[in-house]
Amino acid sequence: MAKQTTVLREVSVEGVGLHTGNKSMVIFKPAPNAGYGIKFIRIDLPNRPEIEAVWSNTSTGMVVRGSVIEKNGAKVCTIEHIMSACFALGIDNLIIEINNNEPPILDGSAKIFAETLLKCGVKEFDVPREYYVLKNSVYFKSGKTKISAYPSDKLEIECTIGFDHPFLRFQQMFLRDFNKDFYLDNIAPAKTFCFDYEIEALQNRKLALGGSMNSAIVIGLNGVHNKKSLHYSDEFVRHKMLDLIGDIYLAGKPVKAKIIADKPGHQNNIGFVKEFLKKAVIENDEITGGDNEQ
């Protein structure tokens, strides 16, 4: 039977935030108990405000280009890569101290966050791990985005992306067996991306101020501008899968469902989570039977 977890020891990562350009450090610390969840603590602000990483705390401020949580005026931007790594590594409870308003973008993927969390080791609580599961289907549509979910005894994801752009008209990825090793090898290293024509507009909106060729793939009409080659030929849909996994974890618990996402994006991913939770029920392995740990 899968048990709730946290990390064994403290570890930190520092760098520059993608959108704000602010220097920051995140410190991962063991949670005190099962049921604590994942909480960001702004240690740079008076009274060290805590913000639980759940969809109900999401902010629409910068959500189009990243997932943002906010509570009582305290905000943390672009949390999706950390959340994605936590989901994949099976971390249910975690303290994340941060000394600014955005985690570092690092290399633009979840790889360094995942590797850092692996170094912490895992502590199990003597409490069963809980999951959100479906008894009925869920359908979400907004603009060009369509996301549906169906009952399943594990997490499966089918992700499709497409843009009105000659270099990136269509990519698709199927995740049939969501586990730590598959994630580390096939999803975590996939880097964030943007189109070259977006950069000036983003920066005019005070976004992408910390981005560089080292932390993002920049796409032009004839291919990528980066000198370093891609990790995967379909890296763009893999990164969208990475982001989707992180946003799904804003449900507050791991999810078991078959999810089919067409043109996902942060704002719509969170809208889907909200609809998903209207039909989801909480179960653990004592109810479902067997050990289905992610």
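## Nonpolar core

A nonpolar core is a set of buried Ala, Val, Leu, Ile, Met, Phe, Trp, Tyr and Cys residues joined through side-chain atoms within 4.5 Å. In this predicted model, the largest such core has 69 residues. Those with the most contacts inside the core are Phe-40, Ile-157, Tyr-183 and Phe-276.

Leaving aside residues up to four places away in sequence, Phe-40 touches Pro-49, Glu-50, Ile-51 and Ala-53. Its further contacts include Ile-69, Val-76, Ile-79, Ile-82, Met-83 and Ile-96.

## The five-stranded sheet

Five strands form an open sheet with mixed pairing, and their order is 2-3-8-4-5. Strand 2 (11–16) and strand 5 (50–52) stand at the edges; each has a single partner strand, so one side of each is left without a neighbour in the sheet. On average, and with direction ignored, neighbouring strands of this sheet are turned by 20 degrees against each other.

Strand 4 (residues 38–42) and strand 5 run antiparallel and are joined by three bridges. Phe-40 has Ile-51 of strand 5 as its bridge partner, and Ile-51 is also among the residues that Phe-40 touches.

## Helices packed on the sheet

Helix 1 (residues 80–89) packs on the sheet, where it touches strand 3 (23–29), strand 4 and strand 8 (94–98). The direction of helix 1 makes about 145 degrees with that of strand 4. Helix 2 also packs on the sheet, touching strand 2, strand 3 and strand 8. The direction of helix 2 makes about 160 degrees with that of strand 2.

Within helix 2 (residues 111–120), the buried residues are Phe-113, Ala-114, Thr-116, Leu-117 and Cys-120. These residues lie on the same side of helix 2, because they cover an arc of only 165 degrees around the axis. After helix 2 comes Gly-121, which has a positive phi, near 80 degrees.

## Cysteines

A disulfide requires a pair of cysteine sulfur atoms within 2.5 Å, and by this rule the count is zero. For Cys-159, the closest cysteine sulfur is that of Cys-194, at 18 Å, which is too far for a bond. Cys-194 is likewise in no disulfide; the nearest cysteine sulfur to it belongs to Cys-77 and is 18 Å away.

Cys-159 is buried, because its relative accessible area is 0%. Cys-194 is buried as well, with a relative accessible area of 11%, since the cut-off for buried is under 20%.

Terms used:
Residues are numbered from 1 along each chain as its sequence is written. This is a predicted model: local features need pLDDT of at least 70, side-chain atom pairs count only at pLDDT 80 or more; totals for chains, interfaces and linings use all residues. Side-chain values use heavy atoms; hydrogens and water are left out. Buried means under 20% relative accessible area, exposed over 50%, partly exposed in between (1.4 Å probe, protein chains only). Helices (H or I, at least four residues) and strands (E, at least two) are DSSP runs, numbered from the N terminus. The arc is that of the directions from the helix axis to the C-beta atoms. Two strands pair if DSSP finds at least two bridges between them. Axes are lines fitted to C-alpha atoms, for helices over the stretch in contact, and angles run from 0 to 180 degrees between N-to-C directions. Contact means heavy atoms within 4.5 Å.
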